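Hi,

Here is the structure I said I would pass on. Have a look at it first, then read my notes underneath.

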Amino acid sequence: MVFDLPAPEQQDSKSLVGSIAARRSVREYTNAPLPIGVLSQLLWSAQGVTGPDTKRATPSAGGLYPLHLKILVQRVSELEPGIYEYQADNHSLKLTGNRVPEGAVQALGIGDQPWLKRSEEHTSELQSLRPS
């Protein structure tokens, strides 16, 4: 299953300096789903196509782009829970794995990190949790 993401904002964004100055870590989460537009913007900012010849937001030696983003979705509006791979060329998500029990996400943390259990989505390579 492939899910087309909403178009990312590419103009009139907050300045880089303003974004850096406003950045804060937060470990108090709600059960409200993450808006799909926020996830779309995050993925595009990390690996999205930004120019001709499929140039991306991050550099890559020889234009090989070996980094592939996979996300574990628990609570994102318009998406079923599961493991997805970001498809940069067409700004979409491909479902690659089934729902992962939320308690399993916390077990992936190092030490006592209860915030993992409450996070809206956790970006990670989770191939070991993929159902067989």
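Below is what I found when going through it.

First, a caveat: this is a predicted model, so please read everything here in that light.

**Overall layout**

The chain has 132 residues, and 31% of them count as buried. You will find four helices and seven strands, and from the N terminus the order is β-α-α-β-β-β-β-β-α-α-β. If you take the contacts between residues at least 6 apart in sequence, 57% of them join residues at least 24 apart. The accessible surface comes to about 8,500 Å², with 54% of that belonging to carbon and sulfur atoms.

**The core**

The largest nonpolar core holds 16 residues, and L39, L43, L79, Y86 and L93 are the ones with the most contacts inside it. Three elements give two or more residues to this core: helix 2 (36-47), strand 4 (70-73) and strand 5 (82-87). Helix 2 gives the most, with four residues.

L79 is a good place to start clicking. Leaving out residues up to four places away in sequence, L79 touches F3, I36, L39, V73, Y84 and L93.

**Strand 4 and what follows it**

Strand 4 is covered on both faces: K70 and L72 are buried on one side, I71 and V73 on the other. Strand 4 pairs with strand 5 in the antiparallel sense, over four bridges, and L72 stands opposite I83 of strand 5.

In the loop between these two strands you come to Q74. Is Q74 buried or exposed? Its relative accessible area is 11%, so Q74 is buried, the cut-off being under 20%. A polar atom of the Q74 side chain lies 3.3 Å from the backbone oxygen of V100. Next to V100 in your viewer, have a look at R99 too: the C-alpha atoms of Q74 and R99 are 7.7 Å apart, while the two residues are 25 apart in sequence.

**Two positive phi values**

Most residues other than glycine have a negative phi, and two residues caught my eye on that account. Y65, in the loop between strand 3 (55-56) and strand 4, has a phi near 45 degrees. H91 is not a glycine either, and its phi is positive at about 45 degrees; H91 sits in the loop between strand 5 and strand 6 (92-97).

How accessible are these two? Y65 counts as buried at 13% relative accessibility, and H91 is buried as well, with a relative accessible area of 11%.

**R56**

The last stop is R56, which lies in strand 3. Its relative accessible area is 19%, and because the limit for buried is under 20%, R56 still counts as buried. Which side chain does the side chain of R56 make a polar contact with? That partner is Q47, at 3.0 Å. Q47 also belongs to the residues R56 touches, not counting those up to four places away in sequence; the others are G48, V49, T50, Y65, L67, A88 and D89. So Y65, the residue with the positive phi in the loop before strand 4, turns up again here as a contact of R56.

Happy to go through any of this with you on screen.

Cheers

Terms used. Residues are numbered from 1 along each chain as its sequence is written. This is a predicted model: local features need pLDDT of at least 70, side-chain atom pairs count only at pLDDT 80 or more; totals for chains, interfaces and linings use all residues. Side-chain values use heavy atoms; hydrogens and water are left out. Buried means under 20% relative accessible area, exposed over 50%, partly exposed in between (1.4 Å probe, protein chains only). Contact means heavy atoms within 4.5 Å. Accessible areas come from the Shrake-Rupley method with a 1.4 Å probe; for residues, only the protein chains shown count as cover. A nonpolar core is a set of buried Ala, Val, Leu, Ile, Met, Phe, Trp, Tyr and Cys residues joined through side-chain atoms within 4.5 Å. Two strands pair if DSSP finds at least two bridges between them. A polar contact is a pair of N or O atoms within 3.5 Å; within protein, one must be able to donate a hydrogen and the other to accept it, and residues adjacent in sequence count only if both atoms are side-chain atoms.
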